[in-house]
Amino acid sequence: MPGTFSYDPPAGTVLQPGTEALSVTFTPADSTDYTTATASANIDVGFTRPCITTTVNGSLKISKGESVCIRGARVNGSVAVSGGALWASGASLHGSLSASGAMALTLLSTSVTGSVSASSTAGPVIIEGTATTPGTLRGSVSITSGNQAVSFEHESVRGSVSITANRGGTNFSSDNVTGPVNLSGNSGGLVVNASTVLGSVSVTANTGGTAFTDNVVSGSLAIIDNSGGFEYSGNTVKGSVTNLGNT
């Protein structure tokens with residue numbers, strides 16, 4: 001039967017842990033003789049081993065095919081994700097966190113004493129705290145070349161932040177950053193809202209629409225060559241501002 005399928009979430013989405021609702025709508029090419037059809041189902045997304053809930057002394061490696069949960073626990077060492085997936089909530093990681101080619105990376109109200117780096121992630125990168133329990137990142141942050149959405153919200157960062165060349169949309173909201181921030185070359189839309197940055201900020205060559213609203217920047221701001229829609233309002237910038245080529 002000729003027609004089109006529309007999936008929610010889109011086909012290929014890497015799902016987060018818990019019960020996820022899946023739905024599909026089929027729209028026939030011949031709307032005279034046939035009607036639109038829909039179907040839905042739930043899927044439970046779990047982990048490949050029980051959640052880590054006690055202290056881990058030493059480094060932790062997560063390999064391809066593994067999905068690891070850290071819930072309210074402490075890891076006294078570095079964490080490396082290579083092809084697998086990490087979900088952490090209320091955790092304390094005393095070392096660096098690196099992810100290369102991971103299926104997904106989720107940190108919820110989690111503290112990391114070392115640097116955080118993620119590159120070429122297949123699924124979403126979600127690094128979020130809450131207004132009452134923000135995440136705490138004491139080193140630098142680098143998120144680059146991800147294939148799905150990046151959400152970086154309610155985080156306190158003592159180092160620099162670089163979020164570049166990610167696809168699927170980027171949300172950078174309600175963050176406090178001591179060092180410089182670089183948000184460049186991302187596609188799918190960029191939202192920068194209600195954040196405070198003590199260093200400089202560079203927002204360049206993002207596509208799919210850029211909104212830079214209600215932020216406080218103590219250093220300089222360069223917001224250049226962003227396309228697909230542009231909003232700039234309610235910001236306080238104490239350094240110089242370069243605002244050019246945004247469409």
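**Exercise 1. Is Cys51 buried, partly exposed or exposed, and what is Cys51 bonded to?**

Before we start: this is a predicted model, where local features need pLDDT of at least 70, side-chain atom pairs count only at pLDDT 80 or more, and totals for chains, interfaces and linings use all residues. Residues are numbered from 1 along each chain as its sequence is written, and side-chain values use heavy atoms, with hydrogens and water left out.

*Step 1.* Cys51 has 26% relative accessibility, so Cys51 counts as partly exposed. The cut-offs: buried is under 20% relative accessible area, exposed is over 50%, and partly exposed is in between, with a 1.4 Å probe and protein chains only.

*Step 2.* Look for disulfides (cysteine sulfur atoms within 2.5 Å). A search of the whole structure turns up one. Cys51 and Cys69 form that disulfide, with sulfur atoms 2.1 Å apart.

*Step 3.* Place the two ends: Cys51 is in the loop between β3 (37–45) and β4 (56–57), while Cys69 is in strand β6 (residues 67–71), 18 residues apart. Strands here are DSSP E runs of at least two residues, numbered from the N terminus.

*Step 4.* Check the partner and the geometry. Cys69 is buried, at 0% relative accessible area. The S-S torsion is about 100 degrees, so the disulfide is right-handed.

**Exercise 2. Find the salt bridge and say which parts it ties together.**

*Step 1.* Use the criterion: a side-chain nitrogen of Lys or Arg within 4 Å of a carboxyl oxygen of Asp or Glu. The structure holds one such pair.

*Step 2.* The partners are Glu66 and Arg49, whose closest N and O atoms are 2.7 Å apart. Glu66 sits in the loop between β5 (60–62) and β6, and Arg49 in the loop between β3 and β4, so the pair ties together parts that are 17 residues apart in sequence.

*Step 3.* How about accessibility? Glu66 is partly exposed at 24%, and Arg49 is partly exposed at 30%.

**Exercise 3. Work out the surroundings of Val79.**

*Step 1.* Start with strand β8 (residues 79–82): Val79 and Val81 point to one face and are buried, while Ala80 and Ser82 point to the other and are not.

*Step 2.* Now the neighbouring strands; a pair needs at least two DSSP bridges. β5 and β8 pair in the parallel sense over three bridges, with Leu60 opposite Val79. β8 also pairs with β11 (residues 97–100), again parallel, over four bridges, and Ser82 stands opposite Ser100 there.

*Step 3.* List contacts (heavy atoms within 4.5 Å). Beyond its neighbours within four places in sequence, Val79 is in contact with residues including Leu60, Ile62, Leu86 and Leu97.

*Step 4.* Val79 is also among the residues with the most contacts inside the largest nonpolar core, which has 45 residues. Such a core is a set of buried Ala, Val, Leu, Ile, Met, Phe, Trp, Tyr and Cys residues joined through side-chain atoms within 4.5 Å.

**Exercise 4. Describe the nine-strand sheet and the three-strand sheet.**

*Step 1.* The nine-strand sheet is open and parallel, in the order β6-β9-β12-β15-β18-β21-β24-β27-β30. Its edge strands are β6 and β30 (230–233).

*Step 2.* Zoom in: β12 (residues 104–108) and β15 (residues 125–128) are joined by four bridges, and Thr106 stands opposite Ile126.

*Step 3.* The three-strand sheet is open too, ordered β1-β2-β3, with antiparallel pairing. β2 (residues 18–28) and β3 share nine bridges; one of the facing pairs is Glu20 with Ile43.
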